[in-house]
Amino acid sequence: PVLVVDYGAQYAQLIARRVREAKVYSEVVPHTLGVAEIAARRPAAIVLSGGPASVYTAGAPTLDARLFELGVPVFGICYGFQLIAQALGGRVTQTGTREYGRTGLTVVGGELHDGLPDRQPVWMSHGDAVTAAPPGFTLTGTTAGAPVAAFEDRGRRIAGVQYHPEVLHSPHGQQVLSRFLHEFAGLPPVWTPANIAEQLVGGVRDRIGAGRAICGLSGGVDSAVAAALVQRAIGDRLTCVFVDHGLLRQGEREQVQQDFVAATGAKLVTVDAVQTFVTELAGVSDPEEKRKIIGREFIRSFESAVADLADGGVDFLVQGTLYPDVVESGGGTGTANIKSHHNVGGLPDDLEFQLVEPLRLLFKDEVRAVGRELGLPEEIVGRQPFPGPGLAIRIVGEVTPDRLATLRRADAIAREELTAAGLDQQIWQCPVVLLADVRSVGVQGDGRTYGHPIVLRPVSSEDAMTADWSRLPYDVLERISTRITNEVAEVNRVVLDVTSKPPGTIEWE
Ligand code: XMP
């Protein structure tokens, strides 16, 4: 793999994604990894990430110069760039000024800049600056705040840039990174959806052998793609379990039962737990209480379905864990061999499965690409995030079947109009919320109404950690509002949530 050494900024994962977008496999490793450990991973190339530290701060992460004796191509970004300069005899100076945001880069040569404009916008975020490139390096770019903003040594296959090539505000950054990977490091562009799918299917086949597996389907992308991969690998020895808790949106049960099964040929068991959930949720308005009940009942339903199957012996539980979760929990590569209850929110102790996590090295966009490769329909692979507790946490107040029906209709209308307006790519997700305990006066036809408001909560986001409210076109909002108030009898008002996150969360509960 290409190893992206994480110097503590939030950029390492993004860099790893960009490397993979250049069709080269990459993994994130912590900067505390020693040179010997890095060598043991047989890296095809190494990318040193940016980081918040100054190379002058006591205790700042350092770079062991023996890294360069491995003969592995190295690319440094921002802090990583300064570490290269420092380690190989260049000079890093505390300039006392910060360069932050969009800057103009003047290109003064370099193979990595071949075919790119002499002046290009780049995105900067640094205090210290490299003021002399190390011996043997060619200066290839400069900016107002960074006299040495890029350098390279073709012979030793080492290069770096002060700016952040991984962010979209550096429009040519991806080309520079790609050229490093393909030209300097000589890596072939083979990390493609077809190859990824083939490798993962092979891996699952090796791991499960002649065993049997189960997979819970939620209706979401990750579990669907994980299940499709395992189905491809072991066929009918996989059973998919879908718990219908009655909190899904319009059409989602059918998507799992028909579209998913049609696309994969997977064996599916549906547990109809709608009545149980309605009963257990009756009288409960507290959000945390709702979550607890749903989590508990979900596990019960899943467990009973598994117990029915267990006669035939089930050895493996398939989970749709993704790479960002693995990186964030400090995990490494390879397949975890953990009893289910360690990882799966509270599955009972006596279900001792081994875990199969076929997606644990993939980013979300790769999961979608693999899903498409496996023939899953766009409605499944392109689906926006939807919370596990479903519509229950979008009804502010008690959850009842009538209220669920109301919200489901309003949500379907909003989704339909957003899709028709071609806005699905622009928004991260658009929760539709029913304020069930609020009533307001309205007038419809000749009569007074006293109905409930629906809140539209369209947001844009990169990772759901922060979000901004989406500036939807007024005509789209108008269509959604008109249709919801006309077509959903209990609703007489539609309001728009214009709060970013923070301070608001994306969901209302
Ligand atoms: P918040 O509301 O915390 O949501 O800003 C961030 C993202 O997480 C989703 N979300 C959940 N997903 N179980 C889930 O699987 C949950 O309990 C849950 N709560 C929120 C939310 O839709 C958004 O994408």
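V221 is buried in this predicted model, as 23 other C-beta atoms sit within 10 Å. Its place is in helix 6. Setting aside residues up to four places away in sequence, V221 touches V367, R368, G371, I380, V381 and R383. Three of these partners, V367, R368 and G371, turn up again among the buried residues of helix 12 (residues 364-373), next to E366 and V370. The cover over the buried residues of helix 12 includes helix 1 (12-21), helix 5, helix 6 and helix 13 (378-381). Right after helix 12 comes G375, with a positive phi near 85 degrees.

V221 also carries an annotation. The unreviewed UniProt entry puts a "binding site" feature at S218, G219, G220, V221, D222, S223 and A224. Within that stretch, G219 is found in the loop between strand 12 (213-217) and helix 6. G219 counts as buried because it has 21 C-beta neighbours inside 10 Å, and the cut-off for that class is 20 or more. Beyond its neighbours within four places in sequence, G219 is in contact with L248, E252, Q255 and V256. V221, for its part, has R383 and I380 among its contacts.

Helix 6 has another partner in helix 5. Helix 5 (residues 193-208) and helix 6 (residues 221-234) pack at about 65 degrees, their axes 8 Å apart, and the crossing is right-handed. On the helix 5 side, L200, V201, V204, R205 and I208 make the contact, and on the helix 6 side L229, V230, R232, A233 and I234 do. Sorted by class, this contact has eight nonpolar and two charged residues, with no polar ones. As for the spacing of such residues along a helix, an α-helix has 3.6 residues a turn, so residues three or four places apart point the same way.

A second annotated site involves residues from separate parts of the sequence. The "active site" annotation in the unreviewed UniProt entry covers C78, H164 and E166. Those residues are spread over 89 residues of sequence, yet they cluster in space, with a largest C-alpha distance of 10.9 Å. C78 sits in the loop between strand 4 (74-77) and helix 3 (79-87). With 25 other C-beta atoms within 10 Å, C78 is buried. Neighbours within four places in sequence aside, its contacts are G50, S125, H126, Q162 and H164. That list ties C78 directly to H164, another residue of the annotated set.

E166 belongs to the loop between strand 11 (158-161) and helix 4 (173-184). E166 is buried too, given its 26 other C-beta atoms within 10 Å. Leaving out neighbours within four places in sequence, E166 is in contact with Y11, L14, I15, R18 and G173. Helix 1 (12-21), listed above in the cover over helix 12, spans the positions of L14, I15 and R18, which are contacts of E166.

Next comes the ligand. Around it are R291, P385, P387, G388, P389, Q429, A464, K501, T505, I506 and E507. By class, this shell has five nonpolar, three polar and three charged residues. K501, one of the shell residues, is joined to P502 by a cis peptide bond with omega of about -10 degrees. The bond from P502 to P503 is cis as well, with omega near 10 degrees. P502 is found in the segment after strand 23 (491-496), and P503 lies in that segment too.

A couple of backbone oddities remain, both at arginines. R42 is not a glycine, but its phi is positive, at about 50 degrees. R42 is found in the loop between helix 2 (35-40) and strand 3 (45-48). R42 is exposed, with 10 other C-beta atoms within 10 Å. R157 likewise has a positive phi, near 60 degrees, in a residue other than glycine. R157 lies in the loop between strand 10 (150-153) and strand 11. Since R157 has 18 C-beta neighbours inside 10 Å, it counts as partly exposed.

Note on methods:
Residues numbered from 1 in each chain as written. Predicted model: local features only at pLDDT ≥ 70, side-chain atom pairs only at ≥ 80, totals over all residues. Near = placed C-beta within 6 Å. Nonpolar A, V, L, I, M, F, W, Y, C, P; charged D, E, K, R; others polar. UniProt positions renumbered as here; feature names shortened; annotations may be inferred. Helix = DSSP H or I, 4+ residues; strand = E, 2+ residues; numbered from the N terminus. Buried ≥ 20, exposed ≤ 12 C-beta atoms within 10 Å, placed from the backbone. Contact = placed C-beta atoms within 7 Å. Axes fitted to C-alpha atoms, helices over the stretch in contact; angles between N-to-C directions. Left-handed = near helix turned anticlockwise from the far one by under 90°.
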